[in-house]
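Me: I have a structure open and would like to learn how to read it. Could you walk me through some of its features?

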Amino acid sequence: CGEELLCGDKTLSLTATRLMGVLNVTPDSFSDGGRNHGFDQALSCAEAMLAAGVDIIDVGGESTRPGAEAVSLDQELDRVVPVVEAIKQRLDVIVSVDTSSAAVMTEAAAAGAGLINDVRALQREGAMAAAAASGLPVCLMHMQGQPVTMQQAPSYRDVQQEVEEFLLQRVAECHRAGIGSDKLLLDPGFGFGKTVEHNIKLFSQLDKIGGLSYPLLIGVSRKSMIGAVTGKDVEQRLSGSLAFAVLAALQGAAIVRVHDVDETMDVLKVVNAVAAAR
Ligand SMILES: Nc1nc2[nH]c(SCCc3ccc(S(N)(=O)=O)cc3)nc2c(=O)[nH]1
């Protein structure tokens, strides 16, 4: 895959595994017990993440955890756009917008977002055109079903093959819309319509998806697959999350998406230092 990603007015070097910090601006985000990230809290959180060394801050206004209800477009716009704008104006960091809605992509791009992170891989009405018009790089993620029901009965013939086929299909659609390969990242979507077994199997074969020669974005931080393996609940999943971050980086992930940025930054510095010495 290319060595650099053009993210609006900033470039992201992909020669080492990069860090994306999660900034939930939803009242019921899954990992912080619903502590409502108001505007001021969001900004100070963003500052702290930048101080920790994150390369990207991912701003999401729709909770897409299992069982999450849909959010209105206006709610999402009100939550996301002011935060993207403020971070862009005050901090020197790439802002990604975690959205599936065309209008949020357009508004966030105008407000300075440098990356579109769509858990629905541009399948919503108008999303493909909005992403193409923004000129921004896009992360295409696999999800089976929709958040409200996706964990009820996930099933695959061959999870790795089906996720790969889906992502390649979305890549072809992007090419048809004029979004070049240099603007695409792929993501298997851990926890999005998959059992723990599906997630672990998928994780063990990351190199096969990475072999598609697109940069991979990996998001397993604090997810239930860690809980299943360690027996720990969501506040106690730091060690498990760090282990998965190391394993993702060792398998060539371009970006890891995490909540615990301080700790993961140190882990990636160690992994990248050893990788660079090879
Ligand atoms: N590209 C990308 N964007 C993402 N945005 C999110 S939000 C997480 C929603 C969630 C929470 C918890 C579980 S669970 N049941 O596995 O613990 C699943 C999904 N995640 C990702 C991800 O991975 N990639």
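Reply: Happily; we will go from the sheet to its strands, then to helices and single residues. Keep in mind that this is a predicted model.

Me: Let's begin with the sheet. In what order do the strands of the open sheet lie, and what is the sense of their pairing?

Reply: Read a sheet from one side to the other. Here eight strands form an open sheet in the order β8-β7-β6-β5-β4-β3-β10-β9, and the pairing is parallel. The edge strands are β8 and β9 (217-218), each of which pairs on one side only.

Me: How many bridges join β3 to β4, and which residue is the bridge partner of Met-20 in β4?

Reply: Five bridges link these two parallel strands. Met-20 has Ile-56 of β4 as its bridge partner.

Me: And what about the edge strand β8: which of its residues are buried?

Reply: In a regular strand, side chains alternate between the two faces of the sheet. In β8 (residues 184-187), Leu-184 and Leu-186 lie on one side, Leu-185 and Asp-187 on the other, and all are buried, with both faces covered. Strand β7 (residues 138-141) runs parallel to β8, joined to it by four bridges. Within that pair, Leu-140 stands opposite Leu-186.

Me: Where can I see a strand with one buried face?

Reply: Look at β2 (residues 10-13). Lys-10 and Leu-12 point to one face and are buried, whereas Thr-11 and Ser-13 point to the other face and are not. This strand pairs with β1 (residues 4-7) in the antiparallel sense, over four bridges. Ser-13 is the bridge partner of Glu-4. In the hairpin of β1 and β2, two residues sit between the strands, and Gly-8 takes a positive phi near 65 degrees.

Me: Now helices. Why do we say that the buried residues of α10 line one face?

Reply: A good habit is to list the buried residues and then look down the axis. In α10 the buried ones are Val-261, Thr-264, Met-265, Val-267, Leu-268, Val-271 and Asn-272. Seen down the axis of α10, they fall within an arc of 165 degrees, so they line one face of the helix. On the other side, Lys-269, Val-270 and Ala-277 are exposed. The cover over the buried residues includes β3 (18-24), α1 (39-52), α9 (238-250) and β10 (255-258).

Me: How does the length of α10 compare with what it should span?

Reply: Helix α10 (residues 261-277) has 17 residues, which at 1.5 Å a residue should span 24 Å; its end C-alpha atoms are 24 Å apart, which agrees.

Me: Which residues of α6 are buried?

Reply: In α6 (residues 196-204) they are His-198, Asn-199, Leu-202 and Phe-203. Down the axis of α6, these fall within an arc of 130 degrees, so they too line one face of their helix.

Me: Let's turn to a charged residue. Is Arg-170 buried or exposed?

Reply: For a charged residue, check its burial and then look for a partner. Arg-170, in helix α5 (residues 159-176), is buried yet has no salt bridge. The nearest side chain of opposite charge, that of Glu-173, is 4.8 Å away; a salt bridge calls for atoms within 4 Å. Leaving aside neighbours within four places in sequence, Arg-170 is in contact with Ala-121, Leu-122, Gln-123, Met-128 and Leu-140.

Me: One last residue: where is Gly-67 found?

Reply: Gly-67 is in the loop between β4 (56-60) and α2 (73-90). Its relative accessible area is 41%, so Gly-67 is partly exposed. Beyond its neighbours within four places in sequence, Gly-67 is in contact with Pro-147 and Val-148.

Terms used
Residues numbered from 1 in each chain as written. Predicted model: local features only at pLDDT ≥ 70, side-chain atom pairs only at ≥ 80, totals over all residues. Heavy atoms only, no water. Buried < 20%, exposed > 50% of the residue type's maximum accessible area, 1.4 Å probe, protein only. Lys, Arg positive; Asp, Glu negative; His and termini not counted. Contact = heavy atoms within 4.5 Å. Expected span 1.5 Å × (residues − 1). Arc of directions from axis to C-beta. Pairing = 2+ DSSP bridges.
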